[in-house]
Amino acid sequence: MPRQIRIRAADGYALHGFMWSRPCNPQRPHPVVVINPATSVRCRFYIPCAAYLHAHGYDVITYDYRGIGESRHGSLRGLKADWVDWGMHDFEGVLQHVAKHFPTQPIDIVANSIGGFVIGLAASAHRIRRIFTVGAQYAYWRDYAPEVRRGMYLRWHVVMPLFARFFGYVPAKRLGWMEDTPKGVALDWARMGPRFEQHVRKGRKTPDGEPEALMLARRFRKVHASILALGIEDDPYGTAPAIDRLLSYYTSSKRHHLRLTPAAIGVAEIGHFAFFHERFRDKLWPLVLAWLDSGELPSLPGIPAPGPAP
């Protein structure tokens, strides 16, 4: 069973989540896996997959970004939180926590959606050994699946920012969309263009006078972990162009892009989130284990070899 944990973000914000751990053998230290959630999806959603990884020899941490789930402290009105905070402060705090409490153990990441983007924003991301992502991208609207692009644009890039400005946050739970979402996160999503550094943190400078977003974009080059990026063909967010767009920032990593059709594993649909559903324990979760265990490209019945990444 996991235990609830508190982790201090790099700027001091109190994050909460869950941890599965076992005594470490200094002679053969086992890895720690951090699961980065999708935007405004509670970390509880990933508990079945986390427990699966723990059962196969890993220590695992799941956590909520500030303002979400276990890491929400009261009203979201007035909370200063954007996607950059989730990476530069929240994920960074988790990496610092792991480095302090599991100093001899390799660090691996499993990330869903925006969870693959925030990795590159953390100053300590150079510590990571391997990364497995599912549908990882940063919501540039022209990358959405063509057949649903119009409706997605209206919801996420027109209606959502209107709600954010009117209420001071997005009451997404009442709308049946996702968890309530901080205003800054919603506005980052709504304004995102083909290069993220051109659309976030506008006007904010580093102490050296450089635009902060340009500094953050360079951080991606410091990630040397091998990456296996999984894209599902019926995922309207994690299309091939969207995943390749994000992978193009990780220039120091060995990158692989695997495309999977639901029919390949005998199901009608998977979409953006269902990879982490318990029903895919036997058909899909072994992909994660195969990659994290060896860093070798997985070979499973019905699943094609990964294509080239940018």
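A salt bridge is taken here as a side-chain nitrogen of Lys or Arg within 4 Å of a carboxyl oxygen of Asp or Glu. The structure analysed is a predicted model, and under this criterion it holds 17 salt bridges. One of these joins the side chains of arginine 66 and aspartate 11, with an N to O distance of 2.8 Å. Because arginine 66 lies in the loop between strand E4 (59-63) and helix H2 (83-101), and aspartate 11 in the loop between strand E1 (3-8) and strand E2 (14-20), the pair ties together parts that are 55 residues apart in sequence. The two partners are placed in unlike surroundings: arginine 66 is buried, at 3% relative accessibility, whereas aspartate 11 is partly exposed, at 40%.

A further salt bridge is formed by arginine 129 and aspartate 108, whose closest N and O atoms are 2.6 Å apart. Arginine 129 belongs to strand E6 (residues 128-134) and aspartate 108 to strand E5 (residues 107-112), so this pair ties together parts that are 21 residues apart in sequence. Here the arginine is partly exposed, with a relative accessible area of 29%, while aspartate 108 is buried at 0% relative accessibility.

Glutamate 197 and arginine 195 form another such pair, and their closest N and O atoms are separated by 2.9 Å. In this case glutamate 197 is buried, its relative accessibility being 15%, and arginine 195 is partly exposed at 34%. Salt bridges also link several residues into a network, which consists of Asp82, Asp85, Arg201, Arg204 and Glu212.

Helix H2 contains histidine 97. With a relative accessibility of 16%, this histidine counts as buried, since the cut-off for burial is under 20% relative accessible area. When residues up to four places away in sequence are set aside, histidine 97 touches Arg6, Ile7 and Ile61.

Attention turns next to the nonpolar interior. The largest nonpolar core comprises 66 residues, and those with the most contacts inside it are Phe91, Ile109, Phe117 and Phe196. Helix H2 supplies the largest share of this core, namely eight residues. For phenylalanine 196, the contacts beyond its neighbours within four places in sequence are Phe117, Leu121, Tyr138, Ala213, Leu216, Ala217, Phe220 and Tyr249. Another core, of 35 residues, lies apart from the largest one and includes Tyr58, Ile270, Ala274 and Leu287.

The search for enclosed space across the whole structure returned one cavity of 30 Å³ or more. The largest cavity holds about 60 Å³ of space. Its lining is made up of Gly116, Ile119, Ile131, Thr133, Ala136, Ile227, Ala229, Ile243, Leu246, Leu247 and Tyr250. Two or more of the lining residues come from each of E6, strand E9 (226-232) and helix H8 (240-247). Helix H8 gives the largest share, with three residues. Sorted by class, the lining of the largest cavity consists of nine nonpolar and two polar residues, and no charged residue takes part.

Definitions and conventions
Residues numbered from 1 in each chain as written. Predicted model: local features only at pLDDT ≥ 70, side-chain atom pairs only at ≥ 80, totals over all residues. Heavy atoms only, no water. Helix = DSSP H or I, 4+ residues; strand = E, 2+ residues; numbered from the N terminus. Buried < 20%, exposed > 50% of the residue type's maximum accessible area, 1.4 Å probe, protein only. Contact = heavy atoms within 4.5 Å. 1 Å grid on protein atoms, 1.4 Å probe; cavity = no way out; pocket = protein on both sides within 12 Å on 5 of 7 lines; lining within 4 Å. Points joined across faces, edges and corners; volume = space filled by probe spheres on them. Nonpolar A, V, L, I, M, F, W, Y, C, P; charged D, E, K, R; others polar. Core = buried A, V, L, I, M, F, W, Y, C linked by side-chain atoms within 4.5 Å.
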